[in-house]
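Reader: Hey, can you walk me through this one? I'm new to reading structures, so keep it simple.

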Amino acid sequence: MHAPGVPDTIDDAPPPVSLVDTHAHLQWPSLLGEVDAVLARARDAGVRRILTLGTEPASCRAAVLLAERHAGVYAAVGLHPGDIGPDAAAAARALEGLVPLLAHPRVVAIGETGLDYYHEDSPPHDLQIASFARHLELAARVGKPICVHSRDSADDVLRLLAAYEGRVTAVLHCYTGDLETAQRALALGCYLSFAGNATYPKLRDLLAVAAVVPAERLLLETDAPFLSPQHRRGCRNEPANVAYTYDAVAVARGITRGELGARVGANAARLFGWDDADVDTAGAPRAAGMAMATAGGLA
Ligand SMILES: [Zn+2]
């Protein structure tokens, strides 16, 4: 027995960590079905802020509901390039339909948007570009950052971001490009967010990029339920696993996990405008009856 809060051995006293997961999809069915347990495990791993991103209208509304119900969870709303459909006018209407959600105090970013030229079943490039441009225009209009998916499309993504330089701050999520592309993005003011694939032995070059990104532009994420880090490869990913990515990147940068957590946490707080105080922990139920700022639309 020992006094409350006093560890038996040094092994029981891990250094205090404070992590954030800047890109997850908590409303994905495989996570939503056990979201309380998912958030409890995140909390136990030291994760105290999670940004959950919608990819189409229904998942955007679900993301906002999660952000409303769980402390430490924040939402982003947008249309993933793979989910915009074949009709440009319908995609434009779908995005306009998300605009009321942007008034909600827990909606801190626009996304997931971007360009995907990798998947052959993705919509035509011109439709994707038009949708991404509309997201950028919206981000400029409402003054929120934008979370960008870029797959085999870096030149077009950076060209569009350059058109909004100084007006929109972007995160290149799940960054997988080379150092030269990273430098082009950094020159445009982007943040680079690294996911679990930075822990893969075959992607040492990616970890090397994560090691040299300026500290004030670095973010880390899971992209849960996708992209589990090496230690959990083959399993469904969840925010608690972001700790493995922090460990890999911390070692690569020659700092501690705690130092990296403090830095990334400050970056995310600055970018997303959320409170960085260690008071509400991811997943703790929020007080009942919190007023919705959004008029309707979340039923
Ligand atoms: Zn994503």
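Author: Sure. One term before we start: two residues are in contact if their C-beta atoms, placed from the backbone, lie within 7 Å. Also keep in mind that this is a predicted model.

Reader: Okay, so which residues of H8 meet which residues in H9?

Author: On the H8 side they are Leu207, Ala210 and Ala211, and they meet Ala248, Val249, Ala252 and Arg253 in H9. By class, that contact has 6 nonpolar, no polar and 1 charged residues.

Reader: And at what angle do H8 and H9 pack?

Author: The angle is about 70 degrees, and the axes of H8 (residues 204-212) and H9 (residues 242-253) are 8 Å apart. Angles of 65 to 115 degrees count as roughly perpendicular, so H8 is roughly perpendicular to H9. The crossing of H8 past H9 is right-handed.

Reader: What about H9 and H10, how do their axes cross?

Author: They cross at roughly 105 degrees, and the axes of H9 and H10 (residues 257-272) come within 9 Å. That makes H9 roughly perpendicular to H10 as well.

Reader: Which residues in H9 meet H10?

Author: Tyr246, Asp247, Val249, Ala250 and Arg253 in H9 do, and their partners in H10 are Arg257, Leu260 and Gly261. The residues of this contact divide into 4 nonpolar, 1 polar and 3 charged.

Reader: Zooming out, how many helices and strands are in the chain?

Author: The chain has 10 helices and 8 strands. The 8 strands form an open sheet with parallel pairing, in the order E1-E2-E3-E4-E5-E6-E7-E8. From one strand to the next, the twist averages 25 degrees.

Reader: Which strands stand at the edges?

Author: E1 (19-24) and E8 (218-220). Each has a single partner strand, so one side of each is left without a neighbour in the sheet.

Reader: Now E5: how many of its residues are buried?

Author: 5 of its 6 residues are buried, so to speak of E5 (residues 146-151) as mostly covered is fair. E5 pairs in the parallel sense with E4 (residues 107-116) over 5 bridges, and 3 bridges join E5 to E6 (residues 170-172), also running parallel. Val148 is a good residue to click on: it is the bridge partner of Thr113, and its bridge partner in E6 is Leu172.

Reader: Anything odd in the backbone?

Author: A few spots. The peptide bond from Gly111 to Glu112 is cis, with omega near 20 degrees, and Glu112 is in strand E4. The bond from Ala224 to Pro225 is cis too, with omega near 10 degrees. Pro225 sits in the loop between E8 and H9.

Reader: What else is in that loop?

Author: Asp223 is found in the loop between E8 and H9. Its phi is near 60 degrees, a positive value in a residue other than glycine. Cys174, in the loop between E6 and H7 (179-187), has a positive phi too, near 45 degrees.

Reader: Is Cys174 buried or exposed?

Author: Buried, because 24 other C-beta atoms lie within 10 Å. The cut-off for buried is 20 or more. Asp223 counts as buried as well, with 23 C-beta neighbours inside 10 Å.

Reader: Last one: how far apart are Val47 and Gly261?

Author: In sequence they are 214 residues apart, but in space it's 9.4 Å, C-alpha to C-alpha. Val47 is in strand E2 (residues 47-53), and it counts as buried with 29 C-beta neighbours inside 10 Å.

Notes:
Residues are numbered from 1 along each chain as its sequence is written. This is a predicted model: local features need pLDDT of at least 70, side-chain atom pairs count only at pLDDT 80 or more; totals for chains, interfaces and linings use all residues. Axes are lines fitted to C-alpha atoms, for helices over the stretch in contact, and angles run from 0 to 180 degrees between N-to-C directions. Helices (H or I, at least four residues) and strands (E, at least two) are DSSP runs, numbered from the N terminus. Angles under 35 degrees count as roughly parallel, over 145 as roughly antiparallel, 65 to 115 as roughly perpendicular and the rest as oblique. A crossing is left-handed if the near helix is turned anticlockwise from the far one by less than a right angle, and right-handed if clockwise. Ala, Val, Leu, Ile, Met, Phe, Trp, Tyr, Cys and Pro count as nonpolar, Asp, Glu, Lys and Arg as charged, and the others, Gly among them, as polar. A residue is buried if 20 or more other C-beta atoms lie within 10 Å of its own, exposed if 12 or fewer, and partly exposed in between; C-beta atoms are placed from the backbone. Two strands pair if DSSP finds at least two bridges between them.
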